[in-house]
Each structure stands twice: as C-alpha cells, then as structure tokens.
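Work through the exercises below with the sequence and the model open. Try each task before reading its solution.

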Amino acid sequence: MRYDIRHFRRPVCAFPGCGNEYDGNEAEWWSDPYWAFDRAWEDDWLVLDGRHDEPVCFCPEHLLHGGDGRPVRYDPEKRVPAMPELRAFYDDLDAVDFMPLPKPGCEPQVLHALLHSGLITADHPFLLPVCEYPHCGAVFADGPLGAMWYPDEDAAETAVYDSRRWAMIKGDDGECHPKTKRRPVL
C-alpha cells in the first residue's frame with residue numbers, strides 16, 4: 001500500500017527526566033510545531049524561548065500553583081523567579097504577565113533545559129492511503145469530511161478494507177495495493 005506521510009507534533013515537557021507529553025488524543029497532534037506550543041501555553045504549560053529562540057515547554061507538574069489550584073503568573077512587581085538568570089527569559093517576553101512560574105525547587109532544572117534544549121516536540125508520522133492506479137493518485141477519504149490521516153499501516157489498511165469503496169489488489173510483491181473502484185478520467 002502506498003501512503004502520503006505527514007509528520008505531526010505534540011509538545012513534550014523538557015524538564016530533565018519528565019518527558020510528559022501535552023495531553024490529547026491522536027486528533028490533537030499539530031502539523032505546525034508553533035501552533036502546538038500555542039495550544040500548550042493556553043492550557044497553562046510554561047512555554048519559554050530557549051536556545052536559538054526555539055520554544056521549550058514545561059508541564060504543570062513543575063509549576064508553582066496558588067491556593068486556588070491555578071498556576072502563579074509572573075509579575076515583575078511582585079512575583080519573579082528566584083534565579084536572576086531565569087528571570088532574563090521572562091523579561092524578554094511581550095506577554096510576561098501571562099506566563100506561569102516554575103516551582104522554586106525546579107528553577108535550576110528549568111534553566112538548564114532552556115540553555116541546553118532545542119525544539120522539544122514529540123513527532124509522529126500519520127499515513128494517508130493513496131490509489132496506486134497509474135496516473136490516478138486519489139487519496140482515501142473514509143467519511144464526508146474528507147481524508148483521514150492514520151497513525152499506522154494497520155489502521156489505514158483496515159479503514160480501506162472496511163469502506164468497500166476501494167479495491168485491494170494483491171500485487172506481484174505479495175502486498176495489497178489500494179485502487180479506486182472506478183477508473184479515473186485521463
């Protein structure tokens with residue numbers, strides 16, 4: 001079976017030894033990493049520009065929370081990180097009053113990750129079945145909303161088989177190849 005492959009991303013916590021992925025299911029992977037970081041930031045993750053101005057994420061486990069359970073936000077007049085080196089990462093932001101603060105005991109690890117990490121995202125290829133009929137190239141759509149991307153070959157192949165709208169033809173190589181049931185107009 002032939003596939004178009006697209007890589008989707010999900011933010012991952014850069015705190016040393018953590019590795020928590022931003023919560024979500026397969027539908028919550030993003031093709032643009034910066035869109036993924038924006039989504040994590042909206043859900044109270046700490047997202048700061050690290051080395052080479054690339055975003056680095058930290059999950060809520062490492063953030064300072066107030067009595068109401070919400071993250072404590074940076075306030076240059078009242079609440080700042082204890083480490084001056086870490087404070088510099090906040091001072092460079094336009095929207096500093098919206099950024100949560102790390103727990104005081106987590107500040108050294110957060111600073112280390114900011115200084116030594118690059119772009120932190122989980123990366124996953126999703127597959128889209130494509131018709132192998134010569135000069136066709138039609139993509140498989142299993143619903144009225146259009147094409148669906150599948151997390152693995154088994155899920156894609158099952159969807160093609162179950163649709164009964166595409167033929168699966170066994171080739172000389174022993175593999176099944178998807179073909180549209182109607183002949184394309186050339």
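**Exercise 1. Overall fold**

Among contacts in the protein between residues at least 6 apart in sequence, what percentage join residues at least 24 apart?

Solution. First, know the material. This is a predicted model, where local features need pLDDT of at least 70, side-chain atom pairs count only at pLDDT 80 or more, and totals for chains, interfaces and linings use all residues. Residues are numbered from 1 along each chain as its sequence is written, and side-chain values use heavy atoms, with hydrogens and water left out.

Now count contacts (heavy atoms within 4.5 Å). Of those between residues at least 6 apart, 58% join residues at least 24 apart.

Next, list the elements. Helices (H or I, at least four residues) and strands (E, at least two) are DSSP runs, numbered from the N terminus. There are 4 helices and 6 strands. Their order from the N terminus is β-α-β-β-α-α-β-α-β-β.

Finally, look at burial. Buried means under 20% relative accessible area, exposed over 50%, and partly exposed in between (1.4 Å probe, protein chains only). Of the 186 residues, 38% are buried.

**Exercise 2. The two sides of α4**

Identify the buried residues of helix α4 and say where they sit around the axis.

Solution. Helix α4 spans residues 153-163, and its buried residues are A156, A159, V160 and S163. They share one side of α4, because they cover an arc of only 95 degrees around the axis. The arc is that of the directions from the helix axis to the C-beta atoms. An α-helix has 3.6 residues a turn, so residues three or four places apart point the same way.

Turn to the other face. The exposed residues D154 and D162 lie on the face turned away from the buried side.

Then check the ends. At the N-terminal end, D152 caps α4, with a side-chain oxygen 3.2 Å from the backbone nitrogen of D154. After the helix comes R164, with a positive phi near 55 degrees.

**Exercise 3. The nonpolar cores**

Which element gives the most residues to the largest nonpolar core?

Solution. Start from the term. A nonpolar core is a set of buried Ala, Val, Leu, Ile, Met, Phe, Trp, Tyr and Cys residues joined through side-chain atoms within 4.5 Å. The largest has 35 residues. Those with the most contacts inside it are W45, L46, L48, F58, Y90, V110 and L114. At least two residues each come from α1 (33-42), β2 (46-49), β3 (55-58), α2 (84-91), α3 (107-116) and β4 (121-130). The most come from α3, with 4 residues.

Another core, of 9 residues, lies apart from it; Y3, C131, A156 and A159 are among its members. A156 and A159 also belong to the buried residues of α4.

**Exercise 4. Cysteines and H62**

How many disulfides does the structure hold, and why is C59 not bonded to C13?

Solution. A disulfide is a pair of cysteine sulfur atoms within 2.5 Å. The structure holds 0. The closest cysteine sulfur to that of C59 is in C13, at 3.8 Å, too far for a bond. For C106 the closest is in C59, at 9.1 Å, again too far. Both cysteines are buried: C59 has a relative accessible area of 3%, and C106 has 12%.

Now place H62. This residue lies in the loop between β3 and α2. H62 is buried, with a relative accessible area of 8%. Leaving out residues up to four places away in sequence, H62 touches C13, F15, C18, P102, K103 and C106.

Notes:
A polar contact is a pair of N or O atoms within 3.5 Å; within protein, one must be able to donate a hydrogen and the other to accept it, and residues adjacent in sequence count only if both atoms are side-chain atoms.
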